[in-house]
Amino acid sequence: MGRKYFGTDGIRGRVGDSPVTPDFMVKLGYAAGKVFAAQSGGKATLVIGKDTRVSGYMIESALQAGIVASGADVKLLGPMPTPAIALLTRSQNASAGIVISASHNPFYDNGIKFFDADGSKLSDETELAIEAAIDQPIVTVDSKELGKAKRVSDAAGRYIEYCKATLPEKLSLRGLSLVIDCAHGATYHIAPSVFTELGAEITLIGADPDGFNINDGVGSTSPSALRAAVLEAKADLGIAFDGDGDRLQMVNARGELLTGDDLLYVLAMHRVAQGNSDAGVVGTLMSNMGLELALASSGLKLARAKVGDRYVKEVMKTEGWSLGGESSGHIICSDVSTTGDGIIAALQVLAAMQQSGRSIDELRSGFVALPQTLVNVRISKGFDLEAHPQISEACQAVEAELEGKGRLLLRPSGTEPVIRVMVEGDQTVDIDALAGRVASVIQAAA
């Protein structure tokens with residue numbers, strides 16, 4: 001069945017435009033309350049957390065009204081990183097968790113993500129059940145059956161202590177100088193405490209949210225601010241989170257950006273050195289071919305999932321592996337977290353540095369990325385790549401030139417109306433020209 005509301009990472013859009021409207025959110029809350037009550041076989045409890053967007057207040061209130069009308073209870077966490085909501089869903093014995101966030105998007109966008117009772121992304125079946133319930137009329141339960149809402153006052157402290165506990169016992173971050181960029185988002189009151197309490201010396205940027213400045217020139221999608229701050233502070237490393245804290249980017253002492261592929265390689269090799277490695281690592285279709293080659297040289301496999309951390313997690317579960325992630329910086333360490341967690345992933349990297357006594361550059365030296373370029377082509381709603389044979393012909397021509405030397409990937413975004421054209425290859429091919437050739441054909445058709 002096709003989906004009417006859910007994309008690859010929940011429901012997302014511009015605030016005020018359908019479906020990110022108060023009336024829809026009331027229906028969504030009601031539908032979720034009904035579906036999770038049916039799954040749990042009794043009264044459901046849902047936890048709600050949000051990032052720092054001004055629209056979070058409106059959406060939180062609307063969801064709360066719908067959930068309570070369905071007869072389910074609500075626990076309000078306030079501004080919290082997405083992975084913290086996954087954790088607290090489990091620790092509060094809730095039926096589900098709801099995240100109000102549009103992640104790395106500008107403040108005028110917002111959206112909804114769900115976690116099940118185990119703190120994992122919802123199955124397709126549950127999402128479809130919620131969609132079906134949204135289109136049914138709201139029938140408020142009798143007053144004696146209405147749900148109740150209360151705030152969890154110690155949510156931030158619980159998550160801070162959990163993050164700290166993911167480091168090996170007695171390991172500290174003393175001696176490390178870090179720049180932490182919170183993107184004016186959900187980690188602003190969490191990350192500083194975690195890293196300072198573990199002993200690091202930190203310089204803090206992007207930690208003064210006003211409801212409108214989330215991801216604005218800071219954070220993992222705008223790493224120039226982090227790079228400049230690392231150089232100015234002469235720090236050992238810079239760490240930037242996105243608006244909801246489920247992804248990160250790192251910058252080395254020279255201000256050079258490290259991708260999610262770099263971090264996956266560092267973590268995988270550290271696990272090999274510690275003698276607790278799985279047979280492989282899960283990446284995505286966008287993971288650099290150089291990562292696959294570097295892992296193979298150490299006897300590890302790279303399994304590729306569809307883009308999206310939920311799909312990475314699914315392949316990790318199938319393979320029985322505990323490490324996976326995306327080039328964008330979503331890193332899942334399933335032995336310590338159920339979902340992508342920027343803070344915990346950063347701590348795992350820092351633990352590798354502290355335990356090995358090596359710098360981040362030394363730890364990633366065995367990975368050499370193949371040159372890769374990405375072009376985003378804006379499209380109209382409902383655009384179908386397969387309906388335009390000229391696009392297929394252009395792709396076939398480029399793939400013929402890349403044969404044995406690289407690869408081409410076309411991927412519709414799940415969060416915005418664009419087609420992503422990715423080309424990677426060795427030094428013998430002009431990847432920018434090849435990507436531009438395909439992108440221009442798509443643009444003409446769109």
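The second largest cavity in this predicted model is lined by A268, R271, S277, D278, G280, V281, L300, S322 and L323. A cavity here is a set of points, on a 1 Å grid over the protein atoms alone, where a 1.4 Å probe fits but cannot get out, and lining residues have an atom within 4 Å of a point. About 50 Å³ of space sits inside the second largest cavity; a volume is the space filled by probe spheres set on the points, with grid points joined across faces, edges and corners. Helix α8 (260–274) and strand β12 (280–284) each put at least two residues into the lining of this second largest cavity. Helices (H or I, at least four residues) and strands (E, at least two) are DSSP runs, numbered from the N terminus. Sorted by class, the same lining comes out as four nonpolar, three polar and two charged residues, where Ala, Val, Leu, Ile, Met, Phe, Trp, Tyr, Cys and Pro count as nonpolar, Asp, Glu, Lys and Arg as charged, and the others, Gly among them, as polar.

Three cavities of 30 Å³ or more turn up in the structure. The largest has a volume of about 70 Å³, and its walls are made by F6, T8, D9, G10, K113, F114, K121, L122, E127 and R310. Five of these lining residues are charged, three are nonpolar and two are polar.

Next come the pockets. A pocket is an open set of points with protein on both sides within 12 Å along at least five of seven lines. The largest pocket has a volume of about 1,300 Å³. Its lining runs to 41 residues, and S413, G414, T415, E416 and P417 are the closest to its centre. β1 (11–14), β17 (406–412) and β18 (418–425) are the elements that give two or more residues to this lining, with β1 giving the most, at four residues. The class split is 16 nonpolar, twelve polar and 13 charged.

The second largest pocket has a volume of about 910 Å³ and is lined by 35 residues, with R247, S327, S328, L374 and R411 nearest its centre. Helix α8, which also helps line the second largest cavity, supplies at least two residues here, as does β16; β16 gives the most, with three. In this pocket the lining has seven nonpolar, 18 polar and ten charged residues.

R364 is found in the loop between α12 (360–363) and β16 (372–378). The R364 residue counts as buried because its relative accessibility is 17%; buried means under 20% relative accessible area, exposed over 50%, partly exposed in between (1.4 Å probe, protein chains only). Neighbours within four places in sequence aside, R364 is in contact with N252, E256, L258, D262, Y265 and V266, contact meaning heavy atoms within 4.5 Å.

Helix α11 is mostly covered, with twelve of its 15 residues buried, including I343, L347 and M353. At the start of α11, a side-chain oxygen of D341 comes to within 3.1 Å of the backbone nitrogen of I343. Just after the helix, G357 takes a positive phi of about 70°.

Residues are numbered from 1 along each chain as its sequence is written. In this predicted model, local features need pLDDT of at least 70 and side-chain atom pairs count only at pLDDT 80 or more, while totals for chains, interfaces and linings use all residues; side-chain values use heavy atoms, with hydrogens and water left out.

Conventions. A polar contact is a pair of N or O atoms within 3.5 Å; within protein, one must be able to donate a hydrogen and the other to accept it, and residues adjacent in sequence count only if both atoms are side-chain atoms.
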